[in-house]
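Work through the exercises below with the sequence and the 3D view at hand. Each task is followed by a stepwise solution.

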Amino acid sequence: MRFEKKDILDIESLEPWEISMILDTAEGMKEISERPVKKVPTLRGKTIVLFFQEPSTRTKLSFDTAAKRLSADTHSISAGTSSIVKGETLIDTAKNLEAMKPDVIVLRHPSSGAPHLIAKRVKASIINAGDGIHAHPSQALLDMMSVRERKGKIVGLKISIIGDISHSRVARSDITGFSKMGAAVSICAPQTMIPKGIEKMGCTVSPNMDSCIEGADVVMMLRIQKERQGSILFPTEREYATLFGLNRSRLKRAQKDVLVMHPGPMNRGVEISSDVADSDCSIILEQVTNGVALRMALFYLVAGGNRHVDSH
Ligand code: CP
């Protein structure tokens, strides 16, 4: 089977075999980052634009590193240093980028749907690096890669996701991805942070944190996204930590070989205690390492010549 997708916009639009192909390709890419010279010529002559209109540490550096390890040329623009501050629209900005013939545009944007909007208007491949509260597909793919690498499978696992589900694009993409690949996804959050109808995405809602964690193979913690909350949705951080924070005693309810994950950035002492975040069961930094290989795989599959050129 050939990977034919022009864009990576969300997990919903990927078939399970496409997800498996991305994870297999990423596994193969991982070894390149272990070499003394961490570079291969695969994307030499290709141009990748990193267009981030929201702050990022992991995702931006990871996409940039991935592109450079494949020998692509990268260029970076941000909202604050581009002509967006002079009133240029997203579509006009995208059309002007397109006029310079990039092969891939990686977009992070505060508005849900922004990458879908420009994907229809430009020939370059669009990779969604996080849009509003909608989707963060490369994060979910690297999460699936990290779990598959450690557990040898995804099907049949219990994945517990706890935190600000309402405002988390990571939660939406992970729920869709893990359930698509055969895992049982259980979520838990304060009532004010659970969107109505979330079960339709393929998860169950647990009434409290202890039942959510019970027997879990993977516990994924999410931070409270204060920057996206119109008003504060919980009384105090201390109360939140008591009811929804992960600590060693709570983690005892999970499987003995549980993996603890977090997409970052973490709020230590709020959603996760430091002794858990830094423990042997935590694979939080492995997620970051795998992010580079996973994004190398995405660039290779959309721009590496594997795809039919006429599918542009
Ligand atoms: N996981 C994630 O998206 O982190 P950044 O916001 O630092 O990119």
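**Exercise 1: Thr 74**

The side chain of Thr 74 makes a polar contact (N or O atoms within 3.5 Å, one able to donate a hydrogen and the other to accept it; residues adjacent in sequence count only if both atoms are side-chain atoms) with the side chain of Asp 64, at 2.9 Å. The model is predicted: local features need pLDDT of at least 70, side-chain atom pairs need 80 or more, and totals for chains, interfaces and linings use all residues. Residues are numbered from 1 along each chain, and side-chain values use heavy atoms, without hydrogens and water.

Task: Is Thr 74 buried or exposed?

Solution.
1. Locate Thr 74 in strand 2, residues 73–78 (strands are DSSP runs of E, at least two residues, and helices runs of H or I, at least four, numbered from the N terminus).
2. Thr 74 has 18% relative accessibility.
3. Buried means under 20% relative accessible area, exposed over 50%, partly exposed in between (1.4 Å probe, protein chains only).
4. Thr 74 therefore counts as buried.

Task: Which side chain besides that of Asp 64 makes a polar contact with the side chain of Thr 74?

Solution. The side chain of Lys 68 does, also at 2.9 Å.

**Exercise 2: the nonpolar core**

Task: Which helix gives the largest share of the largest nonpolar core?

Solution.
1. A nonpolar core is a set of buried Ala, Val, Leu, Ile, Met, Phe, Trp, Tyr and Cys residues joined through side-chain atoms within 4.5 Å.
2. The largest one has 88 residues, and Phe 299 is among those with the most contacts inside it.
3. Helix 11 (residues 284–303) gives the largest share, 11 residues.
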